[in-house]
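Visitor: Hello! I would like a close look at a single part of this protein, with some of its surroundings. Could you walk me through it at the bench biochemist's level of detail?

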Amino acid sequence: MIKAKKIGLILDREVQIDAVLKSSMIIGVACQFIDADYDRLYLRYPDDKIQLSQYFYEGRTVDVSLDTLDGRRTYPAKILYEPANGIIVVEYYEDDNVFQKRKILRVRATRAIDVKISERYTPMLTIDISGGGCRILSPYELKNESIVDALLRLIAGQPQIKMKLKVLNSQFLPVENKYEISVEFFEIRESDRKKIMKFCYDTQAAILLGQNRVE
């Protein structure tokens, strides 16, 4: 497994992504390296190649060629997040055949979440969120291992996401006079989990674009 942060990638260095079609034709796009996180690369997808984005859909296997301390190398990879908002995200294979278990991206985000306590929903706010769970700022302490119903307002104007939460940890924050509750999404529709994961990647991509924007 080649860890992206340990292979000497340089900001703004070109990264080539190649998709091999059934006809054996190769569709290639040269992207700009923005950042790396664990086993994935965040790349700026060129505006003038948007017509080729149909070949780089989520889940597609591709070859990624990049410059490392040992020279130009090519690795098998998978499209984790297809081109959107100028960003494409690819994730490495552990080797030629085995795909490494995905590390879930967590982002800081304040979102309204209503948690059912004593048969009533209490408004709370998230501190951060991922596809697997979140941290919540709560006026009440919740017992570890307890299961509660919740409604998450991920994006304004869209329906709330209904789920059950499993409490993993609870600690009192004297400054806030509230509890920080770590929860796991215990029961949630897979389609809703994907919405949350997409929100996390959109948020991360927006941060990276902002950090690397040239004024």
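**A close look at strand β10**

Guide: Happily! S138 sits in strand β10, which spans residues 133-138. Please keep in mind that this is a predicted model. With a relative accessibility of 0%, S138 counts as buried, because the cut-off for that class is under 20%. A polar atom of the S138 side chain lies 2.6 Å from the backbone oxygen of Y140. Setting aside residues up to four places away in sequence, S138 touches M124, K178, Y179 and I181.

Let us move along the strand to R135, where charges come into play. R135 forms a salt bridge with D128, and the closest N and O atoms are 2.8 Å apart. The side chain of R135 also meets that of E180 in a salt bridge, at 3.1 Å from N to O. This second pair links distant parts of the chain: R135 is in strand β10 and E180 in strand β13 (residues 178-187), 45 residues apart. Together, D128, R135 and E180 are linked in a network of salt bridges. Both acidic partners are tucked away from the surface: D128 counts as buried at 5% relative accessibility, and E180 counts as buried at 11%.

For a contrast, turn to helix α1. There K198 forms a salt bridge with D202, the closest N and O atoms being 3.0 Å apart. K198 and D202 are separated by about one helical turn, because they are 4 residues apart in helix α1. Here the two partners are partly exposed, K198 at 43% relative accessibility and D202 at 23%. The count of salt bridges in the model comes to 9.

Back in strand β10, C134 deserves a look too. C134 is buried, with a relative accessible area of 2%. You may wonder about a disulfide here. The closest cysteine sulfur belongs to C200 and is 9.9 Å from the sulfur of C134, so the two are too far apart for a bond. The count of disulfides in the model is 0.

C134 also brings us to I129, which is in contact with it. Leaving aside neighbours within four places in sequence, the contacts of I129 include L105, V107, L152, L154, F185, I196, F199 and C200. I129 belongs to the largest nonpolar core, which has 33 residues. I129, I136, M163, L165 and I196 are the residues with the most contacts inside that core. Helix α1 (residues 190-211) gives the most to this core, with 5 residues. Apart from it lies another core, of 22 residues, among them C31, A36, L41 and L43. C31 counts as buried, at 3% relative accessibility.

Finally, let us step back to the whole chain. The secondary structure comes to 1 helix and 13 strands, and the order from the N terminus places the strands before the helix. Buried residues make up 42% of the 215 residues. Among contacts with a separation of 6 or more, 51% are between residues 24 or more positions apart. The accessible surface comes to about 12200 Å², and 49% of that belongs to carbon and sulfur atoms.

Methods:
Residues are numbered from 1 along each chain as its sequence is written. This is a predicted model: local features need pLDDT of at least 70, side-chain atom pairs count only at pLDDT 80 or more; totals for chains, interfaces and linings use all residues. Side-chain values use heavy atoms; hydrogens and water are left out. Helices (H or I, at least four residues) and strands (E, at least two) are DSSP runs, numbered from the N terminus. Buried means under 20% relative accessible area, exposed over 50%, partly exposed in between (1.4 Å probe, protein chains only). Contact means heavy atoms within 4.5 Å. Accessible areas come from the Shrake-Rupley method with a 1.4 Å probe; for residues, only the protein chains shown count as cover. A polar contact is a pair of N or O atoms within 3.5 Å; within protein, one must be able to donate a hydrogen and the other to accept it, and residues adjacent in sequence count only if both atoms are side-chain atoms. A nonpolar core is a set of buried Ala, Val, Leu, Ile, Met, Phe, Trp, Tyr and Cys residues joined through side-chain atoms within 4.5 Å. A disulfide is a pair of cysteine sulfur atoms within 2.5 Å. A salt bridge is a side-chain nitrogen of Lys or Arg within 4 Å of a carboxyl oxygen of Asp or Glu.
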